[in-house]
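Let's take a walk through this model together. Keep the viewer open and turn the chain around as we go.

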Amino acid sequence: MALSKYERRERLRMRIRKTVEGTESRPRLAVYRSNKEIYAQIIDDVNGKTITAASSRDKEIDASNVNKVEAAKMVGKLIAEKAVKAGVETIAFDRGGYLYHGRVKSLAEGAREGGLKF
């Protein structure tokens with residue numbers, strides 16, 4: 001029996017989470033992508049705390065009226081800016097079971113441009 005796309009993504013997500021862990025010195029950049037929006041969080045898994053978060057629903061990105069790939073890049077830059085303010089320079093990238101392509105790739109490139117190291 002074939003897996004649904006949700007079950008398949010959940011399996012991929014769990015496989016990624018086995019190896020990618022966020023620590024205080026190297027937190028995890030987690031990505032969630034819905035059909036309309038994209039969300040990013042920087043998480044310290046050891047202490048169970050979200051350091052910072054950004055999404056395409058933030059006012060400055062939502063008001064810019066750009067396509068979804070460009071909005072994802074803006075989210076990447078915004079999350080990097082917030083992370084640098086919080087004292088984070090290097091991160092572990094958690095693509096959340098999504099392919100490193102399109103909006104997820106654009107977000108990662110934006111984060112790199114914003115000053116984060118993967």
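**Starting from a salt bridge**

Start with R28 and D94, whose side chains meet in a salt bridge, 2.8 Å from N to O. This pair links distant parts of the chain: R28 sits in strand β1 and D94 in strand β4 (residues 92-94), 66 residues apart. Both D94 and R28 are buried. For R28, the relative accessibility is 8%, so R28 counts as buried under the 20% cut-off.

Before going further, a word on what you're looking at. This is a predicted model. Its pLDDT averages 95 over the chain, and 100% of the residues score at least 70. Among the elements, α4 has the highest mean pLDDT, at 98, while α2 has the lowest, at 91.

Back to R28, which has another partner. The side chain of D45 also meets R28 in a salt bridge, this time at 2.9 Å from N to O. D45 belongs to the loop between β2 and β3 while R28 is in strand β1, so this pair ties together parts that are 17 residues apart in sequence. D45 has a relative accessible area of 22%, which makes D45 partly exposed. Widen the view a little and you'll find R17 as well: R17, R28, D45 and D94 are linked in a network of salt bridges. Searching the whole structure turns up six salt bridges.

Now step back one residue from D45. D44 lies in strand β2, and here's a puzzle: which side chain of opposite charge is nearest to buried D44? The nearest one is K49, but K49 is 8.3 Å away, and D44 has no salt bridge. A salt bridge would need a nitrogen within 4 Å of a carboxyl oxygen. What the side chain of D44 does reach is the backbone nitrogen of V46, at 3.2 Å. As for its surroundings, if you leave aside neighbours within four places in sequence, D44 is in contact with G22, T23, E24, P27, K49 and I51.

T23 takes us on to S25, which is found in the loop between α1 (5-19) and β1. The side chains of S25 and T23 make a polar contact at 3.4 Å. S25 has 62% relative accessibility and therefore counts as exposed. Measure across to D44 and the C-alpha atoms of the two residues are 8.7 Å apart in space, with their positions 19 residues apart in sequence.

Next, move along the chain towards helix α3. On the way, stop at N65, in the loop between α2 and α3. N65 has a positive phi of about 55°, although N65 is not a glycine. Most residues other than glycine have a negative phi, so that's worth a look in the viewer. N65 is also exposed, at 72% relative accessibility.

Then comes α3 itself. At the start of this helix, a side-chain oxygen of N67 reaches to within 3.2 Å of the backbone nitrogen of V69. How far apart should the ends of α3 be? With 1.5 Å a residue, the 18 residues of α3 (residues 68-85) should span 26 Å, and the end C-alpha atoms are indeed 26 Å apart, which agrees. After the helix comes G87, with a positive phi near 90°.

Which residues of α3 are buried? They are A71, A72, V75, G76, L78, I79, A80 and A83. These buried residues pack against three strands, β1 (28-33), β2 (38-44) and β3 (49-55), as well as against the helices α2 (59-62) and α4 (103-113).

The α4 side of that packing deserves a closer look. S106 has its place in helix α4 and is buried, with a relative accessible area of 5%. A polar atom of the S106 side chain lies 2.8 Å from the backbone oxygen of V69. Not counting residues up to four places away in sequence, S106 touches V69, A72 and K73.

K73 brings us to a final salt bridge: K73 pairs with E113, the closest N and O atoms being 3.2 Å apart. K73 lies in helix α3 and E113 in helix α4, so the pair ties together parts that are 40 residues apart in sequence. K73 counts as partly exposed, at 27% relative accessibility.

Notes
Residues numbered from 1 in each chain as written. Predicted model: local features only at pLDDT ≥ 70, side-chain atom pairs only at ≥ 80, totals over all residues. Heavy atoms only, no water. Helix = DSSP H or I, 4+ residues; strand = E, 2+ residues; numbered from the N terminus. Expected span 1.5 Å × (residues − 1). Buried < 20%, exposed > 50% of the residue type's maximum accessible area, 1.4 Å probe, protein only. Contact = heavy atoms within 4.5 Å. Polar contact = N/O pair within 3.5 Å; in protein donor to acceptor, adjacent residues only side chain to side chain. Lys, Arg positive; Asp, Glu negative; His and termini not counted. pLDDT = per-residue confidence, 0-100.
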